[in-house]
Amino acid sequence: MEELVTELRLFLDLLDREYLSAGVREKKVHLSNILQRVLSDKEPSFKSEIHSGLPAPPQMPLPEIPQPWL
């Protein structure tokens, strides 16, 4: 959920830099307002829901990159 919110914010920011028709601008504003409302309503519990009791994912070591032949 956190990734979705982050990506939606980035996408809306990208749209700010584009020429948009009136209908698309209206829809973008509507989505921005919904996002702000949801985040302001859920902000205290939003992060706790995501991080509550979930174990950290295992860290995988990076594969070894062979040295080039000299």
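Select lysine 28 first: leaving aside residues up to four places away in sequence, lysine 28 touches Leu12, Leu15, Asp16 and Leu20. The model on display is a predicted one. The selected residue belongs to helix 2. Is lysine 28 buried or exposed? Its relative accessibility is 12%, and because buried means under 20%, lysine 28 counts as buried.

**The charged pair**

Keep lysine 28 selected and add aspartate 16. These two residues form a salt bridge, in which the closest N and O atoms are 2.7 Å apart. The pair links distant parts of the chain, with lysine 28 in helix 2 (residues 22-51) and aspartate 16 in helix 1 (residues 2-16), 12 residues apart. Side chains of opposite charge can pair when their charged atoms come close. How many salt bridges does the count give? The count comes to 1 salt bridge.

**A neighbour of lysine 28**

Select leucine 15 next. Again without residues up to four places away in sequence, leucine 15 touches Leu20 and Lys28. Lysine 28, in turn, has Leu15 and Leu20 among the residues it touches.

**Along helix 1**

Now select residues 2-16, which form helix 1. The end C-alpha atoms of helix 1 are 21 Å apart, and this agrees with the 21 Å that its 15 residues should span at 1.5 Å a residue. Colour Val5, Leu12 and Leu15, which are buried in this helix. Where do the buried residues lie when helix 1 is seen down its axis? They fall within an arc of 85°, so they line one face of the helix. An α-helix has 3.6 residues a turn, so residues three or four places apart point the same way.

**The nonpolar core**

Extend the selection to Val5, Leu12, Leu15, Leu20, Leu35 and Leu39; these 6 residues make up the largest nonpolar core. Helix 1 and helix 2 are the elements that give two or more residues to this core. The largest share, 3 residues, comes from helix 1. In soluble globular proteins, nonpolar side chains tend to be buried together. Two members of this core, Leu15 and Leu20, are also in contact with lysine 28.

**The whole chain**

Finally, clear the selection and show the entire chain. Its secondary structure comes to 2 helices and 0 strands. Of its 70 residues, 13% count as buried. Switch to a surface display: the accessible surface of the chain comes to about 6,800 Å², and 62% of that area belongs to carbon and sulfur atoms.

Definitions and conventions:
Residues are numbered from 1 along each chain as its sequence is written. This is a predicted model: local features need pLDDT of at least 70, side-chain atom pairs count only at pLDDT 80 or more; totals for chains, interfaces and linings use all residues. Side-chain values use heavy atoms; hydrogens and water are left out. A salt bridge is a side-chain nitrogen of Lys or Arg within 4 Å of a carboxyl oxygen of Asp or Glu. Helices (H or I, at least four residues) and strands (E, at least two) are DSSP runs, numbered from the N terminus. Buried means under 20% relative accessible area, exposed over 50%, partly exposed in between (1.4 Å probe, protein chains only). The expected span of a helix is 1.5 Å times one less than its number of residues. The arc is that of the directions from the helix axis to the C-beta atoms. Accessible areas come from the Shrake-Rupley method with a 1.4 Å probe; for residues, only the protein chains shown count as cover. Contact means heavy atoms within 4.5 Å. A nonpolar core is a set of buried Ala, Val, Leu, Ile, Met, Phe, Trp, Tyr and Cys residues joined through side-chain atoms within 4.5 Å.
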